[in-house]
Amino acid sequence: MSSPGGEARPMAAEPGAGLASPRGGATGAEPARVAGMCLLLGAAGVGKSLLVKRLQTILPAGRGPRGGGGAWGWARFGGHLGWATRDSPEAVGVGVALGAGEGARGSGRPGRSPPPLPAAPLPAVVLDRLAQLSSQDGKGDLGDPPPTRPTVGTNLTDIVAHRKITIRELGGCMGPIWPSYYGDCRALLFMVDASNPTQLSASCTQLLGLLSAEPLADAQVLILFNKTDLSCYMTVEEMKSLIRLPDIIACATQTITVADVSARTGTGLATVLQWLQDTHGAGR
Ligand SMILES: Nc1nc2c(ncn2[C@@H]2O[C@H](COP(=O)(O)OP(=O)(O)OP(=O)(O)O)[C@@H](O)[C@H]2O)c(=O)[nH]1
Ligand SMILES: [Mg+2]
């Protein structure tokens, strides 16, 4: 099992869990729905574990944003991370309104998915902090990427937006059992390696399978084109065009958002945090 940091719970250690029986269910039973669960899927090696590690690193415990000194700060709450006010030290939210990644949002079929909630207003110091982290040249505060290992099983990581969000990464090699976890899912992160066109057709097939899965018909979906820091003979736009992504978005029942990111440099992580906040806002 790989352990991306934070709360990593090996599949075999989960109560009642087997390969086809995720958390909360008896063997072979339908998995229990978990509020605030976000699935993180994608082919092996696309960068899912590093993304999760970066989302944790972006919220260092016990200190406010650099250069801050205002009333806002990052803090750790038990196993969770979030930002808080001095007056109200409980986690109150996480998210930003930076457009570091692309924000193309598909509408999907009308009436199937609720529209995203408006983002909570964020203090300028938080925006400044995330602007520092999301440097294009990879020389921001994130530092060198921590090592990752192939995820054989699942990793669970909790963060706090308006409320707790559990990100469940399923290893790319676990593709055959991904459907066992769709019942938990109200929000889906799907990652593509933008530096590896040879993997694109496989990723497209996976994406189409996800979008056509009945349990995911109402899910909010964020497609991440990762590793945009690497040079490639094909641009990200060409890759999107090659798989006819605009058509996929137009035909999907889900509300789909697309972002170009780099888990290595931090580019676009602000967009991911914003999406997580929007899709897991109060009342969802
Ligand atoms: N250059 C670059 N490398 C990245 C990026 N994201 C991840 N990587 C690297 O890609 C490799 C695989 O990353 P992982 O996060 O382990 O991939 P994964 O999707 O979790 O893979 P599985 O767990 O096997 O499904 C690691 O060496 C990462 O450091 C990125 O944005 N840019
Ligand atoms: Mg992994």
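**Figure 1. M239 sits in helix 4 (residues 236–242) of this predicted model.** Start with the surroundings of M239: 21 C-beta neighbours lie inside 10 Å, so this methionine counts as buried. Looking past the neighbours within four places in sequence, you will find M239 in contact with A194, P197, L200 and M234. L224 makes a handy landmark here, 15 residues away from M239 in sequence and 12 Å away in space, C-alpha to C-alpha.

**Figure 2. The largest nonpolar core brings together 49 residues.** L224, the landmark of the previous view, is among the residues with the most contacts inside this core, along with C38, L39, L188, L189, F190 and V272. Let us zoom in on L188. Leaving out residues up to four places away in sequence, L188 touches L39, L41, L210, L216, A219 and V221. In soluble globular proteins, nonpolar side chains tend to be buried together.

**Figure 3. Helix 3 (residues 200–211) packs its buried residues against strand 1 (37–42) and strand 6 (187–193).** The helix is 12 residues long and spans 16 Å from its first C-alpha to its last, close to the 16 Å expected at 1.5 Å a residue. Which residues of helix 3 are buried? They are S203, L207, L210 and L211. These four cover an arc of only 90° around the axis, which puts them on the same side of helix 3. An α-helix has 3.6 residues a turn, so residues three or four places apart point the same way. On the other side of helix 3 you can pick out S201 and T205, which are exposed. Two residues tie this view to the others: L210 is one of the residues touched by L188, and L200 is one of the contacts of M239.

**Figure 4. K227 and R244 are residues other than glycine with positive phi values.** For K227, phi is near 65°, while for R244 it is near 55°. K227 belongs to the loop between strand 7 (220–226) and helix 4, and R244 to the loop between helix 4 and helix 5 (245–251). Is each of these residues buried or exposed? K227 counts as buried because it has 24 C-beta neighbours inside 10 Å. R244, with 12 other C-beta atoms within 10 Å, is exposed.

**Figure 5. Ligand 1 is surrounded by 22 residues.** The closest of them are G47, T148, T151, G172 and R264, so these are good places to begin exploring the site. Helix 1 (residues 48–57) gives the most to this shell, contributing three residues. What is the make-up of the shell around ligand 1? It divides into eight nonpolar, 10 polar and four charged residues.

**Figure 6. Six helices and eight strands make up the setting for these close-ups in the protein chain.** If you trace the sequence from start to end, the pattern reads β-α-β-β-α-β-β-β-α-β-α-α-β-α. Of the 284 residues in the protein chain, 47% are buried. Among contacts in the chain with a separation of 6 or more, 76% come from residues 24 or more positions apart.

How values were computed
Residues are numbered from 1 along each chain as its sequence is written. Chains are lettered from A and ligands numbered from 1 in the order in which they are written. This is a predicted model: local features need pLDDT of at least 70, side-chain atom pairs count only at pLDDT 80 or more; totals for chains, interfaces and linings use all residues. A residue is near a molecule or strand if its C-beta atom, placed from the backbone, lies within 6 Å of it. Helices (H or I, at least four residues) and strands (E, at least two) are DSSP runs, numbered from the N terminus. Ala, Val, Leu, Ile, Met, Phe, Trp, Tyr, Cys and Pro count as nonpolar, Asp, Glu, Lys and Arg as charged, and the others, Gly among them, as polar. A residue is buried if 20 or more other C-beta atoms lie within 10 Å of its own, exposed if 12 or fewer, and partly exposed in between; C-beta atoms are placed from the backbone. Two residues are in contact if their C-beta atoms, placed from the backbone, lie within 7 Å. A nonpolar core is a set of buried Ala, Val, Leu, Ile, Met, Phe, Trp, Tyr and Cys residues joined through C-beta atoms within 7 Å. The expected span of a helix is 1.5 Å times one less than its number of residues. The arc is that of the directions from the helix axis to the C-beta atoms.
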